[in-house]
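Welcome, and thank you for taking a look at this molecule. Let us walk through it together, one part at a time.

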Amino acid sequence: MFPRKEFEKLLIKTSSCWFIRVRDTDRIRKSSRPQLNYESERDKAAHWAWRIYKGEILGGKNICHSCDDSRCVNPDHLFLGTQSDNIKDAVAKGRWTHVRRPRPSMQGKNHWNYKHGNRVGVFEK
Ligand SMILES: [Zn+2]
């Protein structure tokens, strides 16, 4: 288990979010989900934060961020959710763009291929 004191040495706290610093500097680690090793254990920084401040992560839950910054490890910004909660949350906040409905111009009679025939690869002047 990561000792709280050691963990807190790594933090850069802003007025809201907490970030993990680049070793021995005042720069914030840029990776979107920074990982930390302690002894032989490796886990995401946000998971360590949860375990240090809140307790165990129960059965297969994901750590979600209410602040939408996945680098953040402020326990007040973390909540437990399932993968599908996480996706629903992402959709609700517009972070998940893959489930966007196709635009009307891409469907049925509005589809480019319907109006123009399928001319992929044919270029006219
Ligand atoms: Zn945050």
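**A walk through the chain**

D24 is exposed, because just 6 other C-beta atoms are within 10 Å, and a residue with 12 or fewer counts as exposed. The place of D24 is the loop between β2 and β3. Its backbone deserves a look as well: D24 is a residue other than glycine, yet its phi is positive, near 60 degrees.

A second loop offers a companion example. D68 lies between β5 and β6, and this residue, although not a glycine, has a positive phi of about 65 degrees. With 14 other C-beta atoms within 10 Å, D68 counts as partly exposed.

Now step back to the whole chain, keeping in mind that this is a predicted model. How many helices and strands are there in the chain? There are four helices and six strands. Following the sequence from its start, you meet them in the pattern α-β-β-β-β-α-β-β-α-α. The chain has 125 residues, and 14% of them count as buried. If you take the contacts between residues at least 6 apart in sequence, 39% of these join residues at least 24 apart.

How confident is the predictor along the way? The average pLDDT of the chain is 83, and 77% of the residues score at least 70. Among the elements, β2 has the highest mean pLDDT, 97, while helix α4 (residues 112-116) has the lowest, 66. In residues 121-125 the pLDDT is below 50, and this stretch has zero contacts in the model beyond near neighbours in sequence.

Let us turn to the inside. In soluble globular proteins, nonpolar side chains tend to be buried together. Here, the largest nonpolar core has 15 residues, and A45, A46, A49 and V73 are the ones with the most contacts inside it. At least two residues of this core come from each of β2 (18-20), α2 (45-53) and β5 (62-65). Which element supplies the largest share of the core? That is α2, with five residues.

V73 is a good place to see how the core is joined up. Leaving aside neighbours within four places in sequence, V73 is in contact with W18 and I20, and also with A45, A46 and A49.

Helix α2 itself is worth a pause. Which of its residues are buried? They are A45, A46, W48, A49 and W50. An α-helix has 3.6 residues a turn, so residues three or four places apart point the same way. With that in mind, look again at A45, A46 and A49, all of them buried residues of α2. The cover over the buried residues of this helix includes α1 (4-9) and the strands β2, β3 (35-38), β4, β5 and β6 (78-81). Just after α2 comes G55, with a positive phi of about 120 degrees.

Two of those covering strands make a neat pair to trace by eye. In what sense do β3 and β4 pair, parallel or antiparallel? They pair in the antiparallel sense, over four bridges. The two strands form a hairpin with two residues between them, and in the turn E39 has a positive phi of about 50 degrees. Beside the turn, Y38 has E41 of β4 as its bridge partner. Another bridge links N37 with R42 in β4.

R42 belongs to strand β4 (residues 41-44). Why does R42 count as exposed? The reason is that 11 other C-beta atoms lie within 10 Å of its own, and 12 or fewer makes a residue exposed. Leaving aside neighbours within four places in sequence, R42 is in contact with Q35 and N37. R42 can also be compared with F2: the two are 40 residues apart in sequence, while their C-alpha atoms are 9.8 Å apart in space.

D43 lies in strand β4 too. It has 16 C-beta neighbours inside 10 Å, and therefore counts as partly exposed. Beyond its neighbours within four places in sequence, D43 is in contact with Q35, L36 and W48. W48 is one of the buried residues of α2, so following this contact brings you from the strand back to the helix. Finally, D43 and R33 are 10 residues apart in sequence, with 9.9 Å between their C-alpha atoms.

How values were computed. Residues numbered from 1 in each chain as written. Predicted model: local features only at pLDDT ≥ 70, side-chain atom pairs only at ≥ 80, totals over all residues. Core = buried A, V, L, I, M, F, W, Y, C linked by C-beta atoms within 7 Å. Buried ≥ 20, exposed ≤ 12 C-beta atoms within 10 Å, placed from the backbone. Contact = placed C-beta atoms within 7 Å. Pairing = 2+ DSSP bridges. pLDDT = per-residue confidence, 0-100.
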